[in-house]
Amino acid sequence: QVQPGESGGGLVQAGDSLRLSCAASGIGSYAMGWFRQAPGKDREFVAAISWGGARTYYADSVKGRFTISRDNAKNTVYLQMNNLKAEDTAVYYCAAGYVPTAKEFEYSYWGQGTQVTVSS
């Protein structure tokens, strides 16, 4: 069973960058996704990557600012976040599934989340 664990969250200022990591043994066989949930809002899709890393997908709100990547040798997926905005403030979750998709129900394994706070 895959148990993703996120790290790298923190408090930054608008315009700063942050890199989140998601590590778990065995994730090299899975597509991975990043989702986020802001206070009082539903969880939403951020980015996804195929198991080999050839295909990536992004929410329109982060396209051009965030980059998802993976290093299967290290069993780690990354989310590089640049030019952060106050509206990016949320708990960020990584998830493992069989297809890289924006649909939450397609992911079987979820991490506990890491808080990202962007001050304006």
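In the predicted model, Gly8 is in contact with Leu18, Arg19, Leu20 and Thr114, once its neighbours within four places in sequence are set aside. Gly8 belongs to the loop that joins β1 (5–7) to β2 (10–13). With a relative accessibility of 35%, Gly8 counts as partly exposed. The C-alpha atoms of Gly8 and Thr101 are separated by 23 Å in space, the two residues being 93 positions apart in sequence.

Two of the residues touched by Gly8, Leu20 and Thr114, also appear among the contacts of Tyr92. Beyond four places in sequence, the contacts of Tyr92 further include Glu6, Trp34, Phe35, Arg36, Val46 and Phe66. Leu79, Met81, Gly113 and Val116 are likewise in contact with Tyr92. Tyr92 is one of the residues with the most contacts inside the largest nonpolar core, together with Trp34, Leu79 and Met81; this core has 35 residues. At least two core residues are supplied by each of β3 (18–23), β4 (31–37), β5 (44–49), β7, β8 (76–81), β9 (90–97), β10 (107–110) and β11 (114–119). In soluble globular proteins, nonpolar side chains tend to be buried together.

Covalent cross-linking was examined next. A search of the whole structure returns 1 disulfide. This bond is formed by Cys22 and Cys94, whose sulfur atoms lie 2.0 Å apart. Distant parts of the chain are thereby linked, with Cys22 in strand β3 and Cys94 in strand β9, 72 residues apart. The torsion about the S-S bond of Cys22 and Cys94 is about 60°, and the disulfide is therefore right-handed. Cys22 and Cys94 are both buried.

Charged side chains were then considered. Across the whole structure, 5 salt bridges are found. In one of them, Glu104 pairs with Arg43, with 3.1 Å between the closest N and O atoms. This pair also links distant parts of the chain: Glu104 is placed in the loop between β9 and β10, and Arg43 in the loop between β4 and β5, at a separation of 61 residues. Glu104 counts as partly exposed because its relative accessibility is 28%. Arg43, with a relative accessible area of 27%, is partly exposed.

The environment differs from one salt bridge to another in the two pairs described next. The side chains of Arg65 and Asp88 form a salt bridge in which the closest N and O atoms are 2.8 Å apart. Arg65 is in the loop between β6 (56–58) and β7, whereas Asp88 is in the loop between β8 and β9, so that distant parts of the chain, 23 residues apart, are linked. Arg65 and Asp88 are both buried. These two residues are also linked with Arg36 and Glu44 in a network of salt bridges. Asp60 and Lys63 form a further salt bridge, with an N to O distance of 3.2 Å. Asp60 and Lys63 are both exposed.

Arg70, located in strand β7 (residues 66–71), is buried but has no salt bridge. The nearest side chain of opposite charge is that of Asp71, at 8.3 Å from Arg70. The side chain of Arg70 instead approaches backbone oxygens. The backbone oxygen of Ile27 is reached by the Arg70 side chain at 2.7 Å. A polar atom of the Arg70 side chain also lies 3.3 Å from the backbone oxygen of Trp51.

Backbone torsions were considered last. Most residues other than glycine have a negative phi. Asn75 has a positive phi, near 55°. Asn75 is situated in the loop between β7 and β8, and its relative accessibility of 25% makes it partly exposed. A positive value is also found for Asn83, whose phi is near 50°. Asn83 lies in the loop between β8 and β9. With a relative accessibility of 41%, Asn83 counts as partly exposed.

Terms used: Residues numbered from 1 in each chain as written. Predicted model: local features only at pLDDT ≥ 70, side-chain atom pairs only at ≥ 80, totals over all residues. Heavy atoms only, no water. Helix = DSSP H or I, 4+ residues; strand = E, 2+ residues; numbered from the N terminus. Buried < 20%, exposed > 50% of the residue type's maximum accessible area, 1.4 Å probe, protein only. Lys, Arg positive; Asp, Glu negative; His and termini not counted. Salt bridge = Lys/Arg side-chain N within 4 Å of Asp/Glu carboxyl O. Polar contact = N/O pair within 3.5 Å; in protein donor to acceptor, adjacent residues only side chain to side chain. Core = buried A, V, L, I, M, F, W, Y, C linked by side-chain atoms within 4.5 Å. Contact = heavy atoms within 4.5 Å. Disulfide = S-S within 2.5 Å.
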